[in-house]
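This report describes how aromatic rings are arranged with respect to one another and to charged side chains. The sequence and the model are shown first.

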Amino acid sequence: MNQGRPTVLFVDDEIDFLNTLLKRMSKRGIDVRGAGSGEEGLRLMQKSKSDIIVMDVRMPGMDGIETLREIKRQWPLTEVIMLTGHASLEAAREGMELGAFDYLMKPVDIDELLYKIEDAFGKVLIQQKKIKRLEEAAESKHT
Amino acid sequence: MGFFNRIQNYFSSTKEGPLPSDAEALRLDFKERYNNFKLLISANNKALEIMADIERTLKGDKTFGMAYIKARCTAVSVNVFRMIRKMERLAPGKYEALPERYNAIQNEIGSILSESRTVRDDRLIIPLTDIHVELSDIVGGKMANLGELKNRIGMNVPDGFSITVAAYDLFLKDNDLQTEIDRRIQSATLENMENLVALSAEIRQLIVQGKMPSVLANEINEAVRQLSEKSDQPIYLALRSSALGEDASGASFAGQYHSILNVSTENIFSAYKEVLSSKYGVPALTYRLNRGFRDEDIAMSVACLCMVDAVSGGVAYTCNPVYPSDQSIFINAAWGLPKSVVDGSISSDLFVVSRTPEVNIIRSDIVHKERKFVCYPEEGVCRIDLTGEDTAAMPSLTPSQILKLAELALKIEAYYGSPQDIEWALSNETSAEFHILQCRPMQQMNPEDNPGRETIHLPDMPETAMASGGITASPGSASGPAYIAEKAADILGFPDNAVLFVRQALPQWAPLLGRAAAVVTEQGGFAGHLANVAREFSVPALFSLPGMLEKVETGMTVTVDADGLCVHHGRIESLLTNRKASHFLMLDSPVHRMLQRVSRHIVPLNLLDPDSPDFRPRMCTTLHDITRFIHEKSVQEMFNFGMNHHFPEKTAKQLYYKVPMQWWILNLDDGFHAEVKGKYVKIDNIASVPMLALWEGIIAVPWEGPPPIDGKGLLSVMFQATANPHLNTGTRSKYAERNYFMISRQYCSLSSRLGFHFSILETSVSERAAENYISFRFKGGAADQDRRTRRVRFLGELLAEFGFRSDIQSDHLHARLEGVDAGVITARLKMIGYLILHTRQLDMIMSKPAMVLRYHDKFRNDIEKIMNS
């Protein structure tokens with residue numbers, strides 16, 4: 001759990017796009033990792049959890065919506081931002097219903113994406129604090 | 001699971017009023033609420049921004065495609081959805097009708113977006129002998145016309161078959177291409193030509209690499225076999241696009257798609273895919289974008305026709321294509337295949353035939369034809385240079401052939417009842433015969449735009465002339481910097497509004513015509529594709545000026561007078577006087593109509609007055625209504641939550657500025673420097689950047705009239721205003737009764753009531769310039785409707801002068817400014833502060849125009865002084 005800097009996992013099957021994004025985001029002080037598929041994204045999450053995931057929707061294998069469902073099941077406190085060239089009302093709706101933080105359309109302005117990540121991280125921090133308080137409260141009852 | 005329940009219980013227990021030990025939890029609860037509110041506000045801003053963008057786009061002066069519409073609809077829906085979710089967090093269970101309304105609106109939008117062509121006929125292949133004009137939605141207009149000519153008028157059309165629209169759909173579906181294509185189009189930034197070229201190449205590659213569905217391959221092979229049986233020699237085919245939508249609303253689609261000539265039967269599949277892929281060629285992509293055609297409406301069927309090895313070929317128009325009031329028949333002809341005439345690559349002979357009293361050749365312009373295109377015996381088409389003086393200089397049609405062709409053309413025109421554009425070929429056999437290869441209605445130019453001037457006349461050479469002569473391919477005159485394009489890559493550097501100079505009038509230059517002031521070529525005639533496109537886009541075009549490129553240099557200012565057949569040095573104003581404003585080609589296009597239809601469920605605002613009984617979720621009929629409703633309620637919820645909590649630190653504080661003021665402040669998060677225990681907060685404890693800016697504007701200029709009742713200046717006005725008994729009607733919530741600030745360091749909302757005027761200001765200012773905004777709503781009372789309207793108009797105009805977007809509906813004003821630097825925002829906030837206080841002065845003067853003007857100037861001066869302080 002990182003107080004100052006969010007850890008962000010980017011998942012996209014377009015490797016050129018992914019690499020550019022990773023480069024530009026790390027220049028802006030974001031702690032980045034990349035995965036080329038939904039499956040790889042889940043494997044990386046298992047190894048170590050990221051605060052935020054930025055993920056494509058249309059990917060071969062496990063698509064973004066399926067992966068989102070799995071992430072929200074296993075790591076409900078991780079915020080997921082969908083970033084896609086697939087402008088579809090239904091997919092956006094499904095993603096938001098599943099608890100995506102936002103559904104952004106490519107091409108995205110890099111600063112706008114950065115702000116989204118910061119906003120999502122703000123939410124993560126509040127949730128973390130709430131849990132910490134709860135744990136402390138539970139502990140003080142025991143003692 | 002149990003863990004989260006515990007969290008919930010823990011927090012819900014605080015609702016009874018906090019025990020001291022729970023203060024920290026409550027503080028956290030406030031923080032979370034404020035965070036939800038912040039996200040709600042940011043979604044609201046985003047949604048409004050998209051709506052404003054949709055409105056701008058609807059004006060029709062910029063190009064957009066379906067990708068734009070889908071992306072905007074999706075983005076606006078997502079943001080409204082986020083607002084609904086956040087509202088649910090701020091006031092659980094309170095506005096349950098919202099999701100219902102949202103779903104209903106979404107469904108409307110979704111069903112418009114997903115409308116698609118319905119193919120009623122699922123045949124993959126249809127032989128030409130079975131084709132007629134009623135089949136145009138399955139074989140395309142071009143092929144349907146050929147079937148009509150062959151089967152119903154008995155014209156000589158080469159035998160063949162259509163690979164239908166159903167086949168195209170099958171090909172895309174089998175290869176799962178459409179979604180992938182849509183995705184790539186949406187992800188690309190198409191403003192720049194380089195990206196467009198790259199996108200085109202990618203998509204064409206996807207199509208060319210697609211697999212032929214086996215059922216389609218079998219049917220094509222069978223059709224080829226049946227054709228071969230009718231012939232005693234191996235057959236060769238011409239594959240031509242025959243796309244849907246080509247005949248829509250005066251659009252030519254000239255020269256966008258590939259035709260592949262002289263294809264041997266074993267290569268038919270790859271030729272088929274190549275023709276399909278030309279739907280995503282740069283000319284076609286640009287054209288659809290510029291003319292507003294939906295990608296999915298343009299399905300490609302392919303016409304496969306037996307190749308005619310032509311001795312000569314060309315195009316016949318049944319009236320003057322440039323000046324339609326001239327009813328003569330215009331025939332362009334060249335040696336060999338008509339290809340060279342159609343693609344504008346060489347200059348061709350022109351024969352003009354009058355129709356009354358009988359067909360009669362009234363002009364023959366025979367040019368030196370440097371080369372011709374003929375079929376290779378094995379496959380493909382080759383270019384042969386015509387060296388023999390005789391052949392090159394000889395007319396490509398004899399007088400009797402010309403008259404025969406003119407009669408054929410008139411017969412076709414009579415059948416269709418409108419002027420026609422006909423591609424023809426004269427076959428190479430002993431009994432030379434005309435074959436009709438293509439036929440379509442002529443693009444009709446508005447005769448009023450082009451008062452009939454002679455097409456071809458030799459002007460006197462004025463002093464300014466750098467070249468003269470040639471052919472008017474599209475009428476008009478224009479001036480701009482010259483730009484010479486020689487190779488394909490040169491399209492990348494073409495500046496807007498330049499004059500394009502090229503050697504040959506090839507279709508590959510068409511993508512530039514949407515941005516060109518005029519186009520000049522060394523070769524090519526008015527029958528070519530480029531000429532068609534130039535006329536369609538109303539770009540003056542002067543063709544066939546030999547040696548032109550040696551006389552001009554890129555960057556030089558020139559004036560092209562296409563009617564006067566002259567290119568001039570410099571800018572000649574006298575020639576430009578008749579230049580008509582370029583019209584908006586997007587207006588009324590299929591894509592534009594689609595955006596208009598979806599926007600009706602998004603943009604209009606019906607929920608105007610929060611005090612009206614109709615201001616409730618059930619009355620929301622557009623996404624804008626929902627955002628307006630939620631925004632209003634979210635501010636109130638934030639306010640009420642703060643007011644109702646018995647948590648001293650978080651209750652509203654009264655502003656103390658020299659004396660206690662009638663202004664209350666609710667700190668949402670980090671709006672104070674230090675915690676305030678008592679009843680008052682001093683101005684120097686305020687940390688909210690926007691509130692401080694606003695306050696500076698409020699106190700900057702003392703109130704000077706009408707004289708306040710007790711004559712004590714600014715402070716007394718403030719007391720008096722809030723003590724106005726008319727306001728205490730008992731029907732309003734507390735929120736509306738007083739002047740309330742809700743603040744954090746970056747955020748400020750102010751709901752104020754001074755006199756009879758009610759205004760709500762909301763603003764956020766931070767280093768995120770893209771998210772900075774000011775929203776100012778004003779509704780003035782205590783006057784007749786007419787004066788109220790004039791008052792909001794006065795304010796709206798003043799705000800517009802300082803960069804706000806003002807929207808006035810009846811006597812409500814809503815002004816917005818967004819996406820600017822913090823410095824601009826704080827300066828404008830001072831302006832608003834000033835206006836909030838001083839608008840009352842307008843009450844008495846609104847019926848006197850001279851006074852209005854004087855006050856406008858005074859306000860302007862004051863505002864500029866304040867903003868610069």
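In this predicted model, the charged end of R82(B) is placed over the ring of F101(A), at 5.2 Å from the ring centre. A further charge lies over a ring within chain A, where K106(A) is found over the face of F17(A), 4.2 Å from the centre of that ring.

Turning to contacts between rings, the structure contains 21 aromatic pairs when all chains are counted. One of them joins Y657(B) and W695(B) in an edge-to-face arrangement, with 5.5 Å from centre to centre and 85° between the planes. Because Y657(B) belongs to strand β22 (residues 653-657) of chain B and W695(B) to helix α20 (residues 689-700) of chain B, this pair ties together parts that lie 38 residues apart in sequence. The rings of F776(B) and F778(B) also form a pair, which is tilted because their planes meet at 35°, while their centres are 6.5 Å apart.

The table gives the relative accessible area of the residues in these two pairs.

| Residue | Relative accessible area | Class |
|---|---|---|
| Y657(B) | 17% | buried |
| W695(B) | 3% | buried |
| F776(B) | 1% | buried |
| F778(B) | 4% | buried |

Y657(B), whose 17% relative accessible area counts as buried because the limit for that class is under 20%, is also part of a wider grouping, since Y657(B), W663(B), W695(B) and F741(B) form one aromatic cluster.

Key. Residues are numbered from 1 along each chain as its sequence is written. Chains are lettered from A and ligands numbered from 1 in the order in which they are written. This is a predicted model: local features need pLDDT of at least 70, side-chain atom pairs count only at pLDDT 80 or more; totals for chains, interfaces and linings use all residues. Side-chain values use heavy atoms; hydrogens and water are left out. Rings of Phe, Tyr and Trp (its six-membered ring) pair if their centres lie within 6.5 Å; planes under 30 degrees apart count as stacked, over 60 as edge-to-face and the rest as tilted. Helices (H or I, at least four residues) and strands (E, at least two) are DSSP runs, numbered from the N terminus. Buried means under 20% relative accessible area, exposed over 50%, partly exposed in between (1.4 Å probe, protein chains only). A charge sits over a ring if NZ of Lys or CZ of Arg is within 6 Å of the ring centre and within 35 degrees of the ring normal.
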